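Please open the model in your viewer and keep the sequence panel beside it. The tour below proposes one selection after another and says what is to be found at each stop.

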Amino acid sequence: MDTEELAPHVEEIARALGDKLSEEKIAEELARYIDVYRLSIPMAKRTIVKRYGGDTSGFETGFQRKLAELRPNEPVVDFVAKVLSSNRKEVTAKGEKKEIVFGFLGDETATVPYTAWNTEGLELSKGEVISVRGAYTREYQGRVQVNFGNRVTIKKEDPSTIGDVQVAQGPPRVVQVDGLREAMGYVEVKGRILSVEPREVKVQGESKRIFSGVLADTSGKVQFTAWHDFELKEGEVVRISKGTVKAWRGIPQLSFDDRAEVTKIKEKFPSIEELQRTGVRMIAEVASRGGAADASVRGIVVEVRDGSGLIMRCPECKRALQKGMCKLHGRVEGFPDLRVKAILDDGSGAVSLIIGRELTEKLADITLDEATQRAREKMDHGVVSDLLEERLTLKAITTTGSITSDQYGLSMIVKDAAFATVDVKQEAEKLLVELEASE
Ligand SMILES: [Zn+2]
């Protein structure tokens with residue numbers, strides 16, 4: 001990806017970050033996320049802004065999104081969808097006769113009606129998959145309608161870039177939290193709200209208040225977003241009917257708006273404390289509590305950071321040496337150690353991980369001796385960090401340990417770690433393939 005192409009994105013990130021990071025550094029980071037980690041441009045931009053504590057709300061428009069996430073009156077929307085129907089008809093607009101193309105589009109989350117106002121050279125056939133940039137939305141008969149105007153670009157995609165088209169209508173499927181999967185249409189779940197916080201996002205340049213948090217039952221926890229104020233309160237038990245499920249890198253998230261039915265229920269249900277003790281927690285929920293004594297989180301390793309790999313430690317105080325020097329003890333004969341510093345993101349938030357030797361050996365499938373051997377052969381410690389980066393980046397893992405919070409965000413000294421279930425990994429990989437294919 002060349003620098004010129006990335007320049008406008010660098011500027012946008014710089015605006016969102018204020019003076020937190022130089023443009024030069026932003027350009028470097030962005031190139032790395034795109035070329036090395038193979039993230040899509042929007043995903044890379046958001047990750048960087050999030051990581052350095054900027055405001056990502058301005059990035060919400062113009063992102064490639066699922067159809068279920070589209071709202072009326074958005075000036076710019078990008079998405080990938082399948083053409084479910086395509087019809088031509090002549091209409092009279094402003095006294096002039098013109099031809100329009102209209103029909104339905106679908107993806108794994110919803111179907112929406114569309115209208116194309118410029119039909120010259122436009123060929124849309126049923127069954128085709130298209131990626132769309134710069135469409136806009138209106139409301140028509142109570143539902144979102146997508147419009148292709150002058151600024152739209154439509155690209156044909158390989159049909160395999162999209163999963164089964166979902167018609168989100170009919171009765172919702174009643175599931176437990178751990179049964180939530182992308183592409184299941186309307187769902188109904190019951191759970192206790194472990195946390196909920198209002199958030200401002202920009203929709204068509206206007207601020208909109210949405211509510212996100214964590215919902216739990218005995219089977220698991222899920223990050224949710226409510227696009228309507230249902231006056232949800234922490235601790236309440238609710239039944240949410242007609243929600244939809246989208247996935248962030250394979251991790252399901254619950255989304256619902258004013259079409260959903262939310263009922264507060266008063267029946268026996270496990271307490272917040274009981275629900276927290278079981279299973280994996282969402283990073284956002286841990287963050288809202290300022291940390292956790294002992295928690296498991298599951299997410300994607302979005303970055304293996306500098307300082308990972310083979311390091312030398314001071315024999316006296318165990319500090320990592322910098323160029324053979326200990327801060328306290330000066331020049332010493334160090335002993336080798338292996339560690340990973342990484343960023344884990346579960347879609348609700350991110351946490352810095354510090355993974356010690358034993359777990360690093362297990363996850364990266366290399367022993368300290370083998371690592372030392374390789375570094376010696378190549379006369380370069382960098383080969384080990386490269387290998388760790390290659391083996392861990394963008395993998396789904398579950399980690400357990402205490403999570404603390406400071407001005408730089410959350411961090412966890414990992415006590416236990418394992419690759420997440422095959423299920424999640426496959427979903428994440430599938431999604432990654434889709435992301436890459438749709439660029
Ligand atoms: Zn020392």
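## Starting in the sheet

Select Val101 together with Ala116, and you will find that Val101 stands opposite Ala116 in β5. Bear in mind from the outset that this is a predicted model. Now extend the selection to the two strands around this pair: β4 and strand β5, residues 111-116, run antiparallel and are joined by six bridges.

Next add strand β3, residues 87-93, which runs antiparallel to β4 and is joined to it by seven bridges. Within this pairing, select Lys89, which has Ile100 of β4 opposite. The connection between the two strands deserves a look as well, since β3 and β4 form a hairpin with two residues between them, and Lys94 in this turn has a positive phi of about 50 degrees.

To complete this stop, select residues 77-83, which make up strand β2, and residues 96-106, which make up β4; they pair in the antiparallel sense over two bridges. Val83 has Leu105 in β4 as its bridge partner.

## The whole chain

Before going on to the helices, show the full model. The chain has nine helices and 23 strands, and 36% of its 439 residues count as buried. Among the contacts in the chain with a separation of 6 or more, 60% are accounted for by residues 24 or more positions apart.

One example of two residues that are apart in sequence can be displayed by selecting Pro159 and Ile130, which are separated by 29 residues along the chain and by 8.4 Å from C-alpha to C-alpha. Pro159 lies in the loop between β8 (153-157) and β9 (173-174), and Pro159 counts as exposed because it has 10 C-beta neighbours inside 10 Å.

## Two helices that cross

Two packed helices are described by the angle between their axes and the distance between the axes. Select helix α1, residues 3-17, and helix α2, residues 23-35, whose axes come within 9 Å and cross at roughly 120 degrees. The crossing in which α1 passes α2 is right-handed. To see the contact itself, show the side chains of Thr3, Leu6, His9, Val10, Ile13 and Ala14 on α1, and those of Glu23, Ile26, Ala27, Leu30 and Ala31 on α2. Sorted by class, this contact of α1 with α2 has eight nonpolar, two polar and one charged residues.

## Helix α8 and its surroundings

Move on to residues 382-392, helix α8, and highlight Val384, Ser385, Leu388, Glu389 and Leu392, which are buried. These residues are on the same side of α8 because they cover an arc of only 135 degrees around the axis. An α-helix has 3.6 residues a turn, so residues three or four places apart point the same way. If you then rotate to the face of α8 turned away from its buried side, you will find the exposed residues Gly382 and Glu390 there.

What do the buried residues of α8 pack against? Select β16 (292-304), β17 (309-313), β20 (335-345), α6 (357-364) and α7 (368-378), against which they pack. Just after α8, Leu394 takes a positive phi of about 65 degrees.

## Helix α6 and the residue after it

In α6, select Leu359, Thr360, Leu363 and Ala364, which are buried. They cover an arc of only 115 degrees around the axis, and therefore lie on the same side of α6. The elements that cover the buried residues of α6 include β20, β21 (350-355), α8 and β23 (409-419).

Continue to Asp365, which follows α6 and whose phi is positive, near 55 degrees. Asp365 has its place in the loop between α6 and α7. Is Asp365 buried or exposed? Asp365 counts as exposed because it has 10 C-beta neighbours inside 10 Å.

## A last stop in β13

Most residues other than glycine have a negative phi, and most peptide bonds are trans. With that in mind, select Lys242, which has a positive phi of about 70 degrees although it is not a glycine. Lys242 is found in strand β13, residues 237-248, and Lys242 is partly exposed, with 18 other C-beta atoms within 10 Å.

Terms used. Residues are numbered from 1 along each chain as its sequence is written. This is a predicted model: local features need pLDDT of at least 70, side-chain atom pairs count only at pLDDT 80 or more; totals for chains, interfaces and linings use all residues. Two strands pair if DSSP finds at least two bridges between them. Helices (H or I, at least four residues) and strands (E, at least two) are DSSP runs, numbered from the N terminus. A residue is buried if 20 or more other C-beta atoms lie within 10 Å of its own, exposed if 12 or fewer, and partly exposed in between; C-beta atoms are placed from the backbone. Two residues are in contact if their C-beta atoms, placed from the backbone, lie within 7 Å. The arc is that of the directions from the helix axis to the C-beta atoms. Axes are lines fitted to C-alpha atoms, for helices over the stretch in contact, and angles run from 0 to 180 degrees between N-to-C directions. A crossing is left-handed if the near helix is turned anticlockwise from the far one by less than a right angle, and right-handed if clockwise. Ala, Val, Leu, Ile, Met, Phe, Trp, Tyr, Cys and Pro count as nonpolar, Asp, Glu, Lys and Arg as charged, and the others, Gly among them, as polar.
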